[in-house]
Amino acid sequence: MVSPPFVFGGNHVSNLAVTSTAPVRGIPTSVVSFPAMLERFKGEIARALPKHLSAERMARIALTAFRMNPKLSEVDPRSVVAAVIQSCQLGLQIGLMGEAHLVVFGSQCQLIPGYQGLVKLARNSGSVQDIYAHEVRINDKFDIVLGLNRSLIHEPLKKNGFPASDDERGAIAGFYAVAVFNGWLTHLPRLVEGAGRVGT
């Protein structure tokens, strides 16, 4: 973690904790806002990004996310930049796409990948052949077999051979995820607390 405020010493981020804009160890420092800092560090962002992503685009996305959350202006802006650079290194886009989010914890900002970002990272790892998740509703057919020959069966309710509406399928009973890792299958079922029994 870094401590506030964000200060510049030359062209690099300084980790010196200061309480004013007075020079520290002979290096003039100044408190810098996140938008100005983001512009200053576009080169670092570009170096962190995969080739198929643009530094300009990522900077615009980060600035939009920053402006949509007023609480981010209250945290140490160094931590916001660090989170943005981390998202670039992971190849995740911050904001409305749901791949990653800038989340405030006290005086710091942390990058929290969303479920779409986690799926993207899994796919990009090269170890995952397929990965998906679904909700299970009360009137669906759902069955899990454990042991040496594991299997998972989920058949959403049908009406006249067509998928039934969500109302007909009933309330959500839980969720599950399935991932195929280089030829072997794992499933991770999880039912929400207080849910009714799923039909079989």
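Is Asn160 buried or exposed, and what is its relative accessible area? The legends below take up this question and others, view by view. The structure shown is a predicted model.

**Figure 1. Asn160 sits in a loop between two strands.** The strands on either side are β8 (158-159) and β9 (162-163). Asn160 is exposed, because its relative accessible area of 77% is over the 50% cut-off. Its backbone also stands out for a sign. Phi of Asn160 is positive, near 55°, and the residue is not a glycine.

**Figure 2. The whole protein combines helices and strands.** There are 6 helices and 11 strands. The protein has 200 residues, and 36% of them are buried. Contacts across the sequence were also counted. Take the contacts between residues at least 6 apart in sequence: 54% of these join residues at least 24 apart.

**Figure 3. The largest nonpolar core has 30 residues.** Which residues have the most contacts inside it? They are Phe34, Leu38, Ile45, Val84, Ile94 and Leu102. Several elements give two or more residues to this core. The helices are α1 (34-40), α2 (42-48), α3 (55-68) and α4 (77-90). The strands are β3 (100-105) and β4 (108-113). Helix α3 gives the largest share of the core, with 8 residues.

**Figure 4. Ile45 is among the core residues with the most contacts.** What does Ile45 touch, once its neighbours within four places in sequence are left aside? Its partners are Leu38, Ala55, Met58, Val84, Ile85 and Cys88. Two of these partners, Leu38 and Val84, are also listed among the core residues with the most contacts.

**Figure 5. Helix α3 has buried residues that pack against other elements.** The buried residues of α3 are Ala55, Met58, Ala59, Ile61, Ala62, Leu63, Ala65 and Phe66. They pack against the helices α1, α2 and α4. They also pack against the strand β3. How far apart are the end C-alpha atoms of α3? They are 20 Å apart. At 1.5 Å a residue, the 14 residues should span 20 Å, so the distance in the model agrees with the expected span.

**Figure 6. Pro35 lies in helix α1 and contacts residues further along the chain.** Pro35 counts as partly exposed because its relative accessibility is 32%. With neighbours within four places in sequence left aside, Pro35 is in contact with Leu63 and Phe66. Both of these partners are listed among the buried residues of α3. Ala59 is another buried residue of α3. The C-alpha atoms of Pro35 and Ala59 are separated by 9.2 Å, and the two residues are 24 residues apart along the chain.

**Figure 7. The largest pocket holds about 230 Å³ of space.** It is lined by 14 residues. Which of them are closest to its centre? They are Ala65, Met68, Ile94, Gly95 and Leu96. Helix α3 and strand β3 each supply at least two residues of the lining. The largest share, 4 residues, comes from α3. By class, the lining has 9 nonpolar residues, 5 polar residues and no charged residues.

**Figure 8. The second largest pocket holds about 190 Å³ of space.** Its lining consists of Tyr115, Leu118, Val119, Ile131, Tyr132, Ala133 and Ala177. Two elements give two or more residues to this lining: α5 (115-124) and β5 (128-137). How many nonpolar, polar and charged residues are in the lining? There are 7 nonpolar, no polar and no charged residues.

**Figure 9. Helix α5 has buried residues covered in part by β5.** The buried residues of α5 are Gly117, Lys120 and Ala122. What covers them includes β5. After α5 comes Gly126. Phi of Gly126 is positive, near 85°.

**Figure 10. Ile144 lies in strand β6.** The strand covers residues 141-145. Is Ile144 buried, partly exposed or exposed? Ile144 counts as partly exposed, because its relative accessibility is 27%. Where does His154 lie relative to Ile144? The two residues are 10 residues apart along the chain, and their C-alpha atoms are separated by 8.7 Å.

Methods:
Residues are numbered from 1 along each chain as its sequence is written. This is a predicted model: local features need pLDDT of at least 70, side-chain atom pairs count only at pLDDT 80 or more; totals for chains, interfaces and linings use all residues. Side-chain values use heavy atoms; hydrogens and water are left out. A nonpolar core is a set of buried Ala, Val, Leu, Ile, Met, Phe, Trp, Tyr and Cys residues joined through side-chain atoms within 4.5 Å. Buried means under 20% relative accessible area, exposed over 50%, partly exposed in between (1.4 Å probe, protein chains only). Contact means heavy atoms within 4.5 Å. The expected span of a helix is 1.5 Å times one less than its number of residues. On a 1 Å grid over the protein atoms alone, a cavity is a set of points where a 1.4 Å probe fits but cannot get out, and a pocket is an open set with protein on both sides within 12 Å along at least five of seven lines; lining residues have an atom within 4 Å of a point. Grid points are joined across faces, edges and corners, and a volume is the space filled by probe spheres set on the points. Ala, Val, Leu, Ile, Met, Phe, Trp, Tyr, Cys and Pro count as nonpolar, Asp, Glu, Lys and Arg as charged, and the others, Gly among them, as polar.
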